[in-house]
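Where does the ligand sit, and what open space is left in the protein? Look at the model first, then read on.

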Amino acid sequence: MTDEQRRILIAGGGPVGLLCAWLLGRQGIPVRLFDVNEGPQADPRAATTHPATLDLLADDGLSADMARVGLVAPIFQFWDRPTGRKVAEFDHALLKDDTEHPFVVQCEQFKTAKLILERARDVANVEILFGHEVLNVEQTGSDVRVEVRGPDGVTTHSGGWLIGADGGRSIVRKQSGIAFDGFTWLERFIVLTTPFDFERSSGYCYRSYFADPDEWCNCFKVSADGPPGLWRTVYPTNPALSEEELMSDAAVQARMQKFFPSNEPYEIVHRNLYVTHQRVAETFRKGRVLLAGDSAHLNNPIGGMGLNGGIQDAANLADKLGRVILDRAPDSLLDLFSLQRRTVATEFVQQQSIENKKRLEARDPETRKRNLDELSAIAADPVRARQFLLRTSMIASQRRIASMTLEAA
Ligand SMILES: Cc1cc2nc3c(=O)[nH]c(=O)nc-3n(C[C@H](O)[C@H](O)[C@H](O)COP(=O)(O)OP(=O)(O)OC[C@H]3O[C@@H](n4cnc5c(N)ncnc54)[C@H](O)[C@@H]3O)c2cc1C
């Protein structure tokens, strides 16, 4: 095979595309990655990295580096907001025999991307081209070509395979005619970030979920630029209100005060509004085109599973593509990648993230009571709590797909 036949093209240099580039490049495979941005995104979206994902990233010290620049969070809590009662507390220590990382790491996604980019830049056969937008995708039986607009105009690049890691609006997915079925939530999610210390004021841990029939909330700590760190609060918004109405200083203060009453106005350092979807691509492989990350699946952020799923896609795909290219394994391995990762996205992440949202927003008093009593009962029983944690930490889904074969599908 020539270098061009072996070359992997990647559209998108978010954390998932960069990880694919590094994992493939360090196997000696030539990689060329294009991202439309001029540099890595300074994006505050994902932070929570689960044990199953940390286990995959342990190689070369990446998980340890993420823990160093982020925060280690062994515990998460559920609260009933109207009564102020702590309903349940879960400690990942119960998973000490299931994972090398019995904790979550809160590491903002721009930091994760930066750590991966530093590693990818050390690999000579990896080319990272920022300021390059993928415009068109075309494949034949033997190669795949992309048209790319860069500083020198439009150029054509070809390779053996193309990975679409170009996010939720993926041009690679659209041009490959891959359906992206699902739905969009009517309400947008607003994220308000403050230095106010909720641990000191109220005893909230680094990951706290608040059920409320009126308006739920998630509250997380991230390390930001170092101690003391920042707290991110996430809420649903009224679909009838405009972005201006939701993001005004008065509206932001009113929302914070309603949820977390305080004598002082809150200092708000970031405010972000997100449209949220639940969608999964009909396949993660079409011929020589492969999808990973948000281009393949989108879900609401409650439970922090979107990027975790994308990182798991990248690790699975890089392993199988490496075997196809280097060991001449049959390319049906890539169908197995699609089957395994699509199964996690549909049977697990979609289901769990929707269930998480329903649990926090339930309005009917009996349903609310049943949900919260159930959480308390699970947390109080170490056997049930471990089973619960195996799901939330994404270990159960990784185990489920490890035994999957194409023949059995
Ligand atoms: C509020 C919020 C909180 C979240 N929290 C968590 C969390 O705690 N844990 C978690 O696991 N997930 C979380 N997520 C989800 C997470 O942010 C996404 O799953 C993650 O960003 C996906 O990474 P990606 O690399 O697939 O896509 P992206 O990060 O979207 O990157 C795609 C890249 O492709 C580039 N691109 C797009 N089109 C083109 C083109 N035509 N040509 C070239 N480049 C292109 C873009 O510039 C971008 O750099 C959260 C999401 C939100 C909204």
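What follows covers the ligand shell, then a pocket, then the cavities. The model is predicted.

## Ligand shell

The ligand is surrounded by 32 residues. Asp35, Gln109, Asp294, Leu307 and Asn308 are the closest. By class, the shell holds 14 nonpolar, 13 polar and 5 charged residues.

Three contacts involve oxygen atoms of the ligand. The table gives the protein partner and the distance for each.

| Residue | Protein partner of a ligand oxygen | Distance |
|---|---|---|
| Val16 | polar backbone atom | 3.1 Å |
| Asn37 | N or O atom in the side chain | 3.1 Å |
| Gly306 | polar backbone atom | 3.4 Å |

How much of the ligand does the protein bury? Taken alone, the ligand exposes 1,000 Å², and 88% of that is buried by the protein.

Which elements give two or more residues to this shell? They are α2 (15-25), β2 (31-35), β9 (133-139) and α10 (306-326). The largest share comes from α10, with 3 residues.

## Second largest pocket

The second largest pocket holds about 230 Å³ of space. Its lining counts 13 residues. Those closest to the pocket centre are Glu108, Phe110, Ala224, Leu230 and His270. Sorted by class, the lining has 6 nonpolar, 4 polar and 3 charged residues.

## Cavities

Rolling a probe the size of a water molecule over the atoms reveals where empty space remains. How many cavities of 30 Å³ or more turn up in the whole structure? The search finds 4.

The largest cavity has a volume of about 130 Å³. It is lined by 14 residues. Phe78, Tyr209, Gly303, Asn356 and Thr392 lie closest to its centre.

Four elements deserve a look here. β5 (75-80), β15 (207-211), α11 (333-361) and α13 (382-392) each supply at least two residues of the lining of the largest cavity. Which of them gives the largest share? That is α11, with 4 residues. The lining of the largest cavity divides into 7 nonpolar, 5 polar and 2 charged residues.

## Recap

For the ligand, start with the contacts at Val16, Asn37 and Gly306. For the second largest pocket, Glu108 and His270 are among the residues closest to the centre. For the largest cavity, go to α11, the source of the largest share of the lining.

Key
Residues are numbered from 1 along each chain as its sequence is written. This is a predicted model: local features need pLDDT of at least 70, side-chain atom pairs count only at pLDDT 80 or more; totals for chains, interfaces and linings use all residues. Side-chain values use heavy atoms; hydrogens and water are left out. A residue is near a molecule or strand if one of its heavy atoms lies within 4 Å of it. A polar contact is a pair of N or O atoms within 3.5 Å; within protein, one must be able to donate a hydrogen and the other to accept it, and residues adjacent in sequence count only if both atoms are side-chain atoms. Accessible areas come from the Shrake-Rupley method with a 1.4 Å probe; for residues, only the protein chains shown count as cover. Ala, Val, Leu, Ile, Met, Phe, Trp, Tyr, Cys and Pro count as nonpolar, Asp, Glu, Lys and Arg as charged, and the others, Gly among them, as polar. On a 1 Å grid over the protein atoms alone, a cavity is a set of points where a 1.4 Å probe fits but cannot get out, and a pocket is an open set with protein on both sides within 12 Å along at least five of seven lines; lining residues have an atom within 4 Å of a point. Grid points are joined across faces, edges and corners, and a volume is the space filled by probe spheres set on the points.
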